[in-house]
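Good morning, and thank you for coming. I would like to take you through one protein chain today, beginning with a single residue and working outwards. Please have the structure open before you.

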Amino acid sequence: DMMKPHRSRSFFNIFRPDKIIDETNITDADILCGKEGSLETTNVGNNRFRVTIEMNKHSFMKGDKETQENIVKNIISIARQGTKVKGRFLEKYSAVGKWREIDDEGFRYRVIKELTVQDNPS
């Protein structure tokens, strides 16, 4: 039985000024969530994330629930480690035109979603 992404109340962040990030403060370790814009496609953190997802997709799809949960936790851990600085999961906060940090539960939802997306045959 494949894990289902679920949204908890913590998925929807309440506005917290300390979690708002200006575009100039985005690092190569950050992963930008949302629709693929120019920044999302060129950001080093996003490219690393895509590779990590692809490396784990087959094992996730074939794994039991415990294996799937371990894969998700591992991907989040890898992303959080970053390289020189700690990685953050950011989403565009359109109300202020900046980015905001999301929690692990919100990112867990996105990781599972990406792991379960079927590749389009070429």
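Which residues does leucine 39 touch, not counting residues up to four places away in sequence? They are Glu23, Ile26, Leu32 and Trp99. Before I go further, please keep in mind that this is a predicted model.

Leucine 39 itself sits in helix H1, which covers residues 38–42. Its relative accessibility is 26%, so leucine 39 counts as partly exposed. As for one of its partners, glutamate 23, the two C-alpha atoms are 9.4 Å apart, and 16 residues separate the pair along the chain.

Let me now turn to a second of those partners, isoleucine 26. Isoleucine 26 belongs to the loop between strand E1, residues 20–21, and strand E2. With a relative accessible area of 16%, isoleucine 26 is buried, because the limit for that term is under 20%. Setting aside residues up to four places away in sequence, isoleucine 26 touches Ile21, Leu32, Leu39, Asn43, Arg88, Leu90 and Trp99. Tryptophan 99 is 73 residues from isoleucine 26 along the chain, yet their C-alpha atoms are separated by 8.7 Å.

With that neighbourhood in mind, let us consider the whole chain. There are four helices and four strands, and along the sequence they follow the pattern β-β-α-α-α-β-β-α. The chain has 122 residues, of which 37% count as buried. Among contacts with a separation of 6 or more, 64% are between residues 24 or more positions apart. The chain exposes about 7800 Å², and carbon and sulfur atoms supply 51% of that area.

Two further residues illustrate pairs that are distant in sequence. Tyrosine 93 lies in strand E3 and, at 17% relative accessibility, counts as buried. Tyrosine 93 and isoleucine 20 are 73 residues apart in sequence, with 8.2 Å between their C-alpha atoms. Glycine 97 occupies the loop between strand E3, residues 89–93, and strand E4, residues 98–101. At 47% relative accessibility, glycine 97 counts as partly exposed. Its C-alpha atom is 8.7 Å from that of aspartate 22, a residue 75 positions away in sequence.

I come next to the helices. Two packed helices are described by the angle between their axes and the distance between the axes. For helix H2, residues 44–62, and helix H3, residues 65–81, the axes come within 10 Å and cross at roughly 170°. H2 and H3 are therefore roughly antiparallel to each other. On the H2 side, the contact is made by Phe49, Thr52, Ile53, Asn56, Ser59, Phe60 and Met61. On the H3 side, the residues are Thr67, Gln68, Ile71, Val72, Ile75 and Ile78. Sorted by character, the residues of this contact comprise eight nonpolar, five polar and no charged.

That leads to the interior. In soluble globular proteins, nonpolar side chains tend to be buried together. Here, the largest nonpolar core has 16 residues, and those touching the most other members are Phe49, Val72, Ile75, Phe89, Phe107, Val111 and Leu115. Which elements each supply at least two residues of this core? They are strand E2, residues 31–33, together with H2, H3 and helix H4, residues 104–116. The largest share, five residues, comes from H3.

Phenylalanine 107 offers a view of this core from one position. Leaving aside neighbours within four places in sequence, phenylalanine 107 is in contact with Ile31, Cys33, Phe49, Ile76, Phe89 and Ile102. Apart from the largest core lies another, of five residues, among them Ile21, Ile26, Leu32 and Trp99.

This returns us to our starting point. Leucine 39 touches Ile26, Leu32 and Trp99, and those three residues are among the members of that other core. Thank you for your attention; I would be glad to take questions.

Key. Residues numbered from 1 in each chain as written. Predicted model: local features only at pLDDT ≥ 70, side-chain atom pairs only at ≥ 80, totals over all residues. Heavy atoms only, no water. Buried < 20%, exposed > 50% of the residue type's maximum accessible area, 1.4 Å probe, protein only. Contact = heavy atoms within 4.5 Å. Areas by Shrake-Rupley, 256 points an atom, 1.4 Å probe, with all protein chains shown as cover. Axes fitted to C-alpha atoms, helices over the stretch in contact; angles between N-to-C directions. Parallel < 35°, antiparallel > 145°, perpendicular 65-115°, else oblique. Nonpolar A, V, L, I, M, F, W, Y, C, P; charged D, E, K, R; others polar. Core = buried A, V, L, I, M, F, W, Y, C linked by side-chain atoms within 4.5 Å.
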